[in-house]
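Trainee: Please take one close look at the loops of this model, and connect them with the interior beside them.

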Amino acid sequence: MNNFCKNFAFFILIQAITITPLIVSSSSDPDQGHHVDNTRRSLLFKTWRVHVVNYMSNRKTLLVHCKSKDDDLGIHNLSVGVEFSWKFRPRIFGETLFWCYMAYDNLHATFEVFRDDPYIFAKCDYGDCDWIARDNGIFLKDISSNQDEIRYDWVQGQ
Ligand SMILES: *[C@@H]1O[C@H](CO)[C@@H](O)[C@H](O)[C@H]1NC(C)=O
C-alpha cells in the first residue's frame, strides 16, 4: 500500500467510527446515495457492481477473466451484447482491487477495473463501474453523464 492508500484507509476508518452513527440516525432513505453528505456512507456500506460488456463488431467473442486478491471470478466468453458483472462490498481494512484480463482474436489487455480511488468513485458514481470493450479499446462510462471514454488500448498477443 502506498502512502496515499494508507492515509485514505485511515481517513475512512476514522470517519466510520466518528461519523457513521450520526449519518445512520439522521438518514432514513437508504437509496439516496448520491449526495456529498452520504459519500462516506456509500463507500463503506454500499454494494458496488462492476460490469463488463462486449460491444465489438462482427460477432467477436470476448474472453474475460477478472480477479481480486481473494476471488477468481473465472473465465467468461462473452458474445456481442452480453454483459458479465459482479458485486462486492469494499474492504474497510486494506484496499479493494479488482483487475481483468480480456482478449479477442490476437489482442489482449490487463487492467484494474476497481480500486479505492476517487477517480473510480466518481466515474462509477458510487455504485456501478461500466467497462465497455470495443474494437478500438476498452472504455469506461461516466455513469452521471452517460458518456464513455477510452481508458486502455488492446495489445498484440495473448
Ligand atoms: C473460452 O474461450 C477460450 C478460448 O477460445 C477457451 O479456451 C475456453 O475453454 C472458453 N471457456 C469457457 C468457460 O467457455
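Mentor: The strands and helices I shall name are DSSP runs, numbered from the N terminus, with at least two residues for a strand and at least four for a helix. The model is a predicted one, and we can begin in the loop between strand 1 (48-54) and strand 2 (62-68), where Arg59 lies. Arg59 is not a glycine, yet its phi is positive, at about 55°, whereas most residues other than glycine have a negative phi. Because its relative accessible area is 78%, Arg59 counts as exposed, the cut-off being over 50%. A positive phi, near 55°, also occurs at Tyr126, again a residue other than glycine, and Tyr126 sits in the loop that joins helix 4 (118-123) to strand 7 (128-134).

The loop between strand 4 and strand 5 holds Thr96, which is buried because its relative accessibility is 4%, under the 20% limit. Leaving out residues up to four places away in sequence, Thr96 touches Phe88, Pro90, Arg91, Phe114, Arg115 and Asp116.

Of these, Phe114 leads into the interior, for it is among the residues that touch the most other members of the largest nonpolar core, a set of 29 residues, together with Leu62, Trp86, Trp131 and Trp154. The elements that give two or more residues to this core include strand 1, strand 2, helix 4 and strand 7, while strand 6 provides the largest share, 5 residues. Beyond its neighbours within four places in sequence, Trp86 has contacts that include Trp48, Val50, Cys66, Phe98 and Val113.

Terms used. Residues numbered from 1 in each chain as written. Predicted model: local features only at pLDDT ≥ 70, side-chain atom pairs only at ≥ 80, totals over all residues. Heavy atoms only, no water. Buried < 20%, exposed > 50% of the residue type's maximum accessible area, 1.4 Å probe, protein only. Core = buried A, V, L, I, M, F, W, Y, C linked by side-chain atoms within 4.5 Å. Contact = heavy atoms within 4.5 Å.
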